[in-house]
Amino acid sequence: MTDPTALPTDPPLYSPARVRELLARHGLKPTKSLGQNFLIDGNILRAIAEAGGAAPGVPVLEVGPGLGVLTREVAERGAQVTALEKDERLRPVLAETLAGLGVQVVWGDALDFDYGSLPPGTRVIANLPYYITGVLLSRFMAAPAILSATVLVQKEVGQRLAAHPGEDNYGFLSALAALHGTVRHVRDVPKGAFFPAPDVTSSVIRLDFDRERPAPPPAFLTFVEAALHHRRKTLRNNLRLAGYAAPAIDVALEAAGLRPDVRAEDVPLDTLRAAATALGVIR
């Protein structure tokens, strides 16, 4: 039997009613240019936190906490959360929603943050701003302290991250992820899980970075980017566009066991490495 004297409880922070109330009370509207689409699905929040490894004592980095919905879920699991937020309008909101949780909020642009300053063993758990997803992922990959990144991205980006040579979605982002570790698709997220609803379906993707593996040389990353710049073109044409001499390219392709008309998107990374070595890009 319900206790008639019990006080009503506030709806959870992720509920649409609570999100709307917070925004209205603080005179805020989501800013499309900052990619602000707030999660309003508790099941998705729990799935992201679980997949990301949020646990007592684990250092976690979040980019774009917004109203603090995902931040709170991760922090309540005992993780030591650092959140990067660009929108100064959210200061009073986060002061309210994250009170007492020990979250460190760093105000500023995530593109200017020093990822080398993070503690070893950091795990990224974030609903990334879609307009800078690729740049941020490359920053995470290059930061030795970051062990994994469990992120909400556009479904198309998730497909590109997980693609292999020869598949339709394979490109430089796929190669970059494979050079640094492994990619796992956790789940898709419908538009209705956000407020306001974005124009596209999203996916939760987990990237695990192999820090025992030597980091790929910058010269090889530049080579791979040039090789895959136009995925549908032949590797030979892409390398010519990048400034390599045709005779040297032909010698390198033969040394790597590649046909002159092979398309860039069909070439495995180990074979690209052999071609780069033959061209003198790497040793």
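The paragraphs below go through a predicted model of a protein, taking in turn its confidence, its aromatic pairs, an enclosed helix, its salt bridges and one strand residue.

The protein has a mean pLDDT of 92, and 95% of its residues reach 70 or more. The beginning of the chain is another matter, since over residues 1-8 the pLDDT stays under 50, and for this stretch the model has zero contacts beyond four places in sequence.

Turning to the aromatic side chains, the count of ring pairs comes to four. In one of them, the rings of Tyr115 and Phe140 have centres 5.7 Å apart and planes at 75 degrees, and because an angle over 60 degrees counts as edge-to-face, the pair is classed in that way. Tyr115 belongs to the loop between β4 (104-107) and β5 (122-127), while Phe140 belongs to helix α5 (residues 133-142), so this pair ties together parts of the chain that are 25 residues apart in sequence. With a relative accessibility of 5%, Tyr115 counts as buried, and Phe140, at 0%, counts as buried as well. A second pair is formed by Phe223 and Tyr244, whose ring centres are 6.0 Å apart and whose planes stand at 75 degrees, so that this pair too is edge-to-face. Here Phe223 comes from helix α8 (residues 218-227) and Tyr244 from the loop between α9 (235-241) and α10 (246-255), so the pair ties together parts that are 21 residues apart in sequence. Phe223 is buried, at 1% relative accessibility, whereas Tyr244 is partly exposed, with a relative accessible area of 26%. Returning to Tyr115 and Phe140, ring pairs link these two residues and Phe113 into a cluster.

Helix α7 offers a view of how one element is covered by others. Of the nine residues of α7 (residues 172-180), seven are buried, and the helix is therefore largely enclosed by the rest of the structure. The buried residues of α7 are Leu173, Ser174, Ala175, Leu176, Ala177, Leu179 and His180. Among the elements that cover them are the helices α5, α6 (155-162), α8 and α11 (269-278), together with the strands β7 (181-189) and β9 (202-209). Two of these covering helices have already appeared above, for α5 holds Phe140 and α8 holds Phe223.

The charged side chains form 17 salt bridges in the structure. One of these joins Glu50 and Arg77, with a nitrogen-to-oxygen distance of 2.9 Å. This bridge links distant parts of the chain, as Glu50 lies in helix α2 (residues 42-52) and Arg77 in the loop between α3 (69-75) and β3 (80-85), 27 residues apart. Glu50 is exposed at 56% relative accessibility, while Arg77 is partly exposed at 23%. Another bridge connects Arg89 with Asp87, where the closest N and O atoms are 2.8 Å apart; in this case Arg89 is partly exposed, with a relative accessibility of 35%, but Asp87 is buried, with a value of 7%.

A further salt bridge is made by Glu265 and Arg232, whose closest N and O atoms are 2.9 Å apart. Glu265 sits in the loop between α10 and α11 and Arg232 in the loop between α8 and α9, so this pair ties together parts of the chain that are 33 residues apart in sequence. At 2% relative accessibility Glu265 counts as buried, whereas Arg232, at 46%, counts as partly exposed. These two residues also belong to a network, in which salt bridges that share partners join Arg231, Arg232, Arg263 and Glu265.

The last stop is Val106, a residue of strand β4. Val106 is partly exposed, at 24% relative accessibility. Apart from its neighbours within four places in sequence, Val106 is in contact with Thr82, Ala83, Leu84, Glu85 and Phe113. Of these, Phe113 is also a member of the aromatic cluster with Tyr115 and Phe140, which leads back to the ring pairs described earlier. In relation to Gly171, by contrast, Val106 is separated by 65 residues in sequence and by 33 Å in space, taken from C-alpha to C-alpha.

Key. Residues numbered from 1 in each chain as written. Predicted model: local features only at pLDDT ≥ 70, side-chain atom pairs only at ≥ 80, totals over all residues. Heavy atoms only, no water. pLDDT = per-residue confidence, 0-100. Contact = heavy atoms within 4.5 Å. Phe/Tyr/Trp six-rings, centres within 6.5 Å; stacked < 30°, edge-to-face > 60°. Helix = DSSP H or I, 4+ residues; strand = E, 2+ residues; numbered from the N terminus. Buried < 20%, exposed > 50% of the residue type's maximum accessible area, 1.4 Å probe, protein only. Salt bridge = Lys/Arg side-chain N within 4 Å of Asp/Glu carboxyl O.
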